[in-house]
Amino acid sequence: MQTDERKNGGKGTCFEETVPAVRKRGWDLLIWGSVVLFTLLYLSLIFNNNVWTDEIFSVNLFRENFGQIIMDTAEDVHPPLYYFLGRIFRLLFGDSLQVQKILTIIPMSLTLVLGATKIRRFFGNGVSFLFLIFLGCIPCSMEYAVQIRMYSWALLCVTACALAAWEIYRDGRWPSWIMLSVSAVAAAYLHYFSFVSVIIINGLLFLVLLLSKENRKKLGKWVLFSLLMVAAYLPWLPYFYAQVTRVEAGYWIPPITAETIWSYFVWAFGLEPLPQTAFVFLGISILAGVFCIFSVRNEEREIRERGGFAFFCMAVPTLTAAGGIILSLLKQPIYRDQYVFPAMGLFCLFLAIGCVRIRKEAVVLILAFLLFAGGISYRDAFRAEYKATLTEQTEEFFRENLGENDLVVYNYQAYYFNYKYYFPEDRLFYVRDVDLSQDFDEIWFLDTDFEWDFVPDQILPYNLQIEYVGHYGIEHNEFDLYRVTKGTTE
């Protein structure tokens, strides 16, 4: 058997063989311990009632019936599958926020399990462990592991789809084709850019099969299952087309510039206090790419094929982002940084396959950096979930003070969508629409700076008194809170 010194040109051992004493039990502990650790970290972030605007949109759709979900998502920028899952989860387990956040954690943990099972079986212990650490520690992953959105489910499906493509290349068994098709169709129904990612995966698989003489016989199955996938997506295709054409009339995403494109990389790999970490990840990516090039040129077929698959994995997020950027430049801006997240599992796999062949001393440094980045990411996620806003204090105040006949009046109209999650909708009014002649005990006025005031000219005819209460907030919108009561009549 060829030694690792020879594989690496006599320059030292690769990561997977760094400690000969680490046998199967040791790798089991490292790999499955990582799966459990990250899952527990995700679970620790869900015990709060702090939700963001997009999450409120998800929660509201979970309350609708399946027909209404289809109607609403047909007008939205995302397809319906995630909201179907959320509706089913709500019917089975109730509507607590923690239940809905667990729905997001499940696919994130299952992606880690893929790393501990399929990736480990295909590529070995070292790649499996590095994949788990990369996926768990890259700055963009912690937030989307617990956010009540479809991104973690799309991550699972896109990762599973690419691994199925690798299985098809290696043996072409029917279960692999079925997994490719199911995961691809699910990804397409979860997010439009994960749809783009699985199209890229299937396109690259077609090219690989076409260019490999021994695999060309599999092209018939590729055509068959591609037709089945298209048929499965046909019911939603008109809505997808309508969404694509609708954005030509204008969209809320900012224009694409060179600075915007670099911000995508910073979003994925830059820490909030240390955006320079994006440069470190860029360096690691380049280093992984160099070692993948060496792998592709290796005499051993197994190593050569792994290096090729690593570039396959890197191409998926790269082409997904490039496609979004090009479409945004040709039409209206339609691409955001987070839209590549479903393909980030494959980028982590590319890094793991490349870095596993680096000398052990360098990998130890990379691991130390990753754990540092992961620790900072977790700290930031914890602060965002528990301490970044005044939501908890606001909820506590209103639990103690909001009476059954009180009104809540706000002046930041754009935040109505958020306010109605926290306050009774039938007692929630925009400042310019509230009828002060109606019966009420007290009004709680949420006064956001630079918005419409609860002006004296409006309240004088009703003999109302205004008293400042304190500074509070919902999500990232902070406001001064005033108590408005009826004055005594003369």
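**Exercise 1. The hairpin and its turn**

In which sense, and over how many bridges, do strand β4 (residues 464–474) and strand β5 (residues 477–486) pair? Describe the turn between β4 and β5 as well.

*Solution.* The structure is a predicted model, in which local features need pLDDT of at least 70 and side-chain atom pairs count only at pLDDT 80 or more, while totals for chains, interfaces and linings use all residues. Residues are numbered from 1 along each chain as its sequence is written, and side-chain values use heavy atoms, with hydrogens and water left out.

Step 1. Strands (E, at least two residues) and helices (H or I, at least four) are DSSP runs, numbered from the N terminus. Two strands pair if DSSP finds at least two bridges between them.

Step 2. β4 and β5 pair in the antiparallel sense over 10 bridges. One of the bridge pairs joins G473 to E478 in β5.

Step 3. The two strands form a hairpin with 2 residues between them. E475, in the loop between β4 and β5, has a positive phi of about 55 degrees although it is not a glycine.

Step 4. Most residues other than glycine have a negative phi. E475 counts as buried because its relative accessible area is 8%, where buried means under 20%, exposed over 50% and partly exposed in between (1.4 Å probe, protein chains only).

**Exercise 2. A second positive phi**

Locate F450 and state whether F450 is buried or exposed.

*Solution.* Step 1. F450 is placed in the loop between β3 (442–447) and α22 (456–459).

Step 2. The phi of F450 is near 65 degrees, a positive value in a residue other than glycine.

Step 3. F450 is exposed because its relative accessible area is 84%.

**Exercise 3. The surroundings of N477**

Characterise the position of N477 in β5 and list its contacts beyond sequence neighbours.

*Solution.* Step 1. N477 lies in strand β5. Its relative accessibility is 5%, so N477 counts as buried.

Step 2. Contact means heavy atoms within 4.5 Å. With neighbours within four places in sequence left aside, N477 is in contact with Y412, Y415, Y419, T448 and Y472.

Step 3. N477 and T389 are 88 residues apart along the chain, and their C-alpha atoms are separated by 8.4 Å.

**Exercise 4. Strand β1 and its partners**

Determine which strands pair with β1, and which residues cover its two faces.

*Solution.* Step 1. β1 and β3 run parallel and are joined by 4 bridges. In β3, W444 stands opposite V408.

Step 2. β1 also runs parallel to strand β2 (residues 428–430), with 3 bridges between them. Y410 has Y430 as its bridge partner in β2.

Step 3. Both faces of β1 (residues 407–410) are covered: L407 and V409 are buried on one side, V408 and Y410 on the other.

**Exercise 5. Two helical residues**

Contrast the settings of Q100 and R121.

*Solution.* Step 1. Q100 lies in helix α6 (residues 97–116), and R121 in helix α7 (residues 118–123).

Step 2. Q100 counts as buried because its relative accessibility is 4%. R121, at 52% relative accessibility, therefore counts as exposed.

Step 3. Apart from neighbours within four places in sequence, Q100 is in contact with V59, F62, D95 and I148. R121 is 38 residues from Y83 in sequence and 33 Å from Y83 in space, C-alpha to C-alpha.

**Exercise 6. The largest pocket**

Give the volume of the largest pocket and analyse its lining.

*Solution.* Step 1. On a 1 Å grid over the protein atoms alone, a pocket is an open set of points where a 1.4 Å probe fits, with protein on both sides within 12 Å along at least five of seven lines; lining residues have an atom within 4 Å of a point. Grid points are joined across faces, edges and corners, and a volume is the space filled by probe spheres set on the points.

Step 2. The volume is about 860 Å³. Of the 27 lining residues, E143, Y144, W267, E272 and A384 lie nearest the centre.

Step 3. α3 (53–62), α9 (141–146) and α19 (360–386) each supply at least two lining residues. The largest share, 6 residues, comes from α19.

**Exercise 7. The protein as a whole**

Summarise the secondary structure, extent and burial of the protein.

*Solution.* Step 1. The protein has 22 helices and 5 strands.

Step 2. Its C-alpha trace spans about 100 × 50 × 45 Å along the principal axes.

Step 3. Of the 490 residues, 53% are buried.
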